Amino acid sequence: MSGPDDFRVTNLWAKRAGRSGRTLVFAGHTDVVPTGPLDQWSSDPFVPSHRNGLLYGRGAADMKTSIAAFTVACEEFPAAHPDPALGIAFPVTSDEEGPSVDGTLVVCRKLEERGEKLDFCIVGEPTSVEKLGDMIKNGRRGSLTGKLTVKGVQGHIAYPQLAKNPIHLPCQRSTNSPARNGTAATTSSRRPAGRSATSMAAPARATSFPARW
């Protein structure tokens, strides 16, 4: 999977199907952040070096070690379970640390076009607090979009006690505090003479007149 001509990279999609039709993906990337000043490295950043029990090299943590762990897991699991119910797949991208336009976005669009459904995902991005591997984040990535409709009661600014301002209602409920003086949290049964109940109590959208403070 490649991106547009002005910035061309190669992304990998590899899949081993399972009996259930569901797929677990190991998501990662092969590109790395810039090295910074080379004279501040004690060894070549692009030649892996093992010293004192640690691995040195650009991308050792973020995130070629994760990809290596994915690869070993995907070699050992099918060997132990030749006919698994769950499929395994690799979306390994090559543009996450740079412009980030030809990596995950391109892969997701291509997979959607092909009708590929990803049921479970493990992202190998490194996260730790005190030592390597001491934290796992559940549901780190993703987004949630919702729509909230709050209905009020129209009124005139001269009679705020007869109106419900839809902007104030969710604020009062979210803070669990009583209405401030002058804000109409409830609708009074009284109405001024000469005005009908219909004109003072018609449903309003969130753009209705504000109650007077």
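# Exercises on one predicted chain

Of the contacts in the chain with a separation of 6 or more, 69% are between residues 24 or more positions apart, where contact means heavy atoms within 4.5 Å. The model is predicted, so local features need pLDDT of at least 70 and side-chain atom pairs count only at pLDDT 80 or more, while totals for chains, interfaces and linings use all residues. Residues are numbered from 1 along each chain as its sequence is written, and side-chain values use heavy atoms, with hydrogens and water left out.

## Exercise 1: the chain as a whole

Give the number of helices and strands in the chain, and their order.

*Solution.*
- Step 1. Count the elements: the chain has 4 helices and 8 strands. These are DSSP runs numbered from the N terminus, helices being H or I of at least four residues and strands E of at least two.
- Step 2. Read them off from the N terminus: β-β-β-β-α-β-α-β-β-α-α-β.
- Step 3. Add the surface: the chain exposes about 14900 Å² of accessible surface, and carbon and sulfur atoms hold 55% of that area. The areas come from the Shrake-Rupley method with a 1.4 Å probe, and for residues only the protein chains shown count as cover.
- Step 4. Add the burial: 28% of the 213 residues are buried. Buried means under 20% relative accessible area, exposed over 50%, and partly exposed in between (1.4 Å probe, protein chains only).

## Exercise 2: the largest pocket

Describe the largest pocket by its volume, its lining and the elements that supply the lining.

*Solution.*
- Step 1. State the volume: the largest pocket holds about 940 Å³ of space. A pocket is an open set of points on a 1 Å grid over the protein atoms alone, where a 1.4 Å probe fits and protein lies on both sides within 12 Å along at least five of seven lines; lining residues have an atom within 4 Å of a point. The volume is the space filled by probe spheres set on the points, which are joined across faces, edges and corners.
- Step 2. Find the centre: the lining of the largest pocket has 26 residues, and Val 123, Gly 124, Glu 125, Pro 126 and Thr 127 are the closest to the centre.
- Step 3. Name the elements: β4 (54-56), α1 (60-80) and β6 (120-123) give two or more residues each to this lining. Helix α1 has the largest share, with 6 residues.
- Step 4. Sort by class: 13 lining residues are nonpolar, 9 polar and 4 charged. Here Ala, Val, Leu, Ile, Met, Phe, Trp, Tyr, Cys and Pro count as nonpolar, Asp, Glu, Lys and Arg as charged, and the others, Gly among them, as polar.

## Exercise 3: the second largest pocket

Do the same for the second largest pocket.

*Solution.*
- Step 1. The second largest pocket has about 450 Å³ of space.
- Step 2. Its lining has 16 residues, and Ala 27, Thr 104, Cys 108, Cys 121 and Val 123 lie nearest its centre.
- Step 3. At least two lining residues come from each of β2 (23-29), β5 (87-93), α2 (104-114) and β6.
- Step 4. By class, 9 of these residues are nonpolar, 4 polar and 3 charged.

## Exercise 4: the nonpolar cores

Which residues make up the largest nonpolar core?

*Solution.*
- Step 1. List the 8 members: Leu 24, Phe 26, Ile 67, Phe 70, Cys 74, Ile 88, Phe 90 and Val 92. A nonpolar core is a set of buried Ala, Val, Leu, Ile, Met, Phe, Trp, Tyr and Cys residues joined through side-chain atoms within 4.5 Å.
- Step 2. Place them: β2, α1 and β5 each give two or more residues to this core.
- Step 3. Note that another core of 5 residues lies apart from it, including Trp 13, Ala 89, Val 107 and Leu 111.
- Step 4. Follow one member: leaving out residues up to four places away in sequence, Val 92 touches Asn 11, Leu 12, Gly 28, His 29, Thr 30 and Ile 67.

## Exercise 5: two residues, buried or exposed?

Decide whether Thr 23 and Ala 163 are buried or exposed.

*Solution.*
- Step 1. Thr 23 belongs to strand β2 and counts as buried because its relative accessibility is 1%.
- Step 2. Beyond four places in sequence, the residues that Thr 23 touches include Lys 15, Leu 86, Lys 117 and Phe 120.
- Step 3. Ala 163 sits in the loop between β7 (152-153) and α3 (168-175). Its relative accessible area is 5%, so Ala 163 is buried.
- Step 4. The C-alpha atoms of Ala 163 and Val 153 are 5.1 Å apart, with their positions 10 residues apart along the chain.

## Exercise 6: backbone details

Locate the cis peptide bond, and give the phi of Asn 52 and of Ser 100.

*Solution.*
- Step 1. The cis bond joins Asp 62 and Met 63, with omega about -5°. Met 63 is in helix α1.
- Step 2. Asn 52 is not a glycine, yet its phi is positive, about 55°. Asn 52 lies in the loop between β3 (49-51) and β4, and is exposed because its relative accessible area is 80%.
- Step 3. Ser 100, also not a glycine, has a positive phi of about 60°. Ser 100 lies in the loop between β5 and α2, and counts as partly exposed at 29% relative accessibility.
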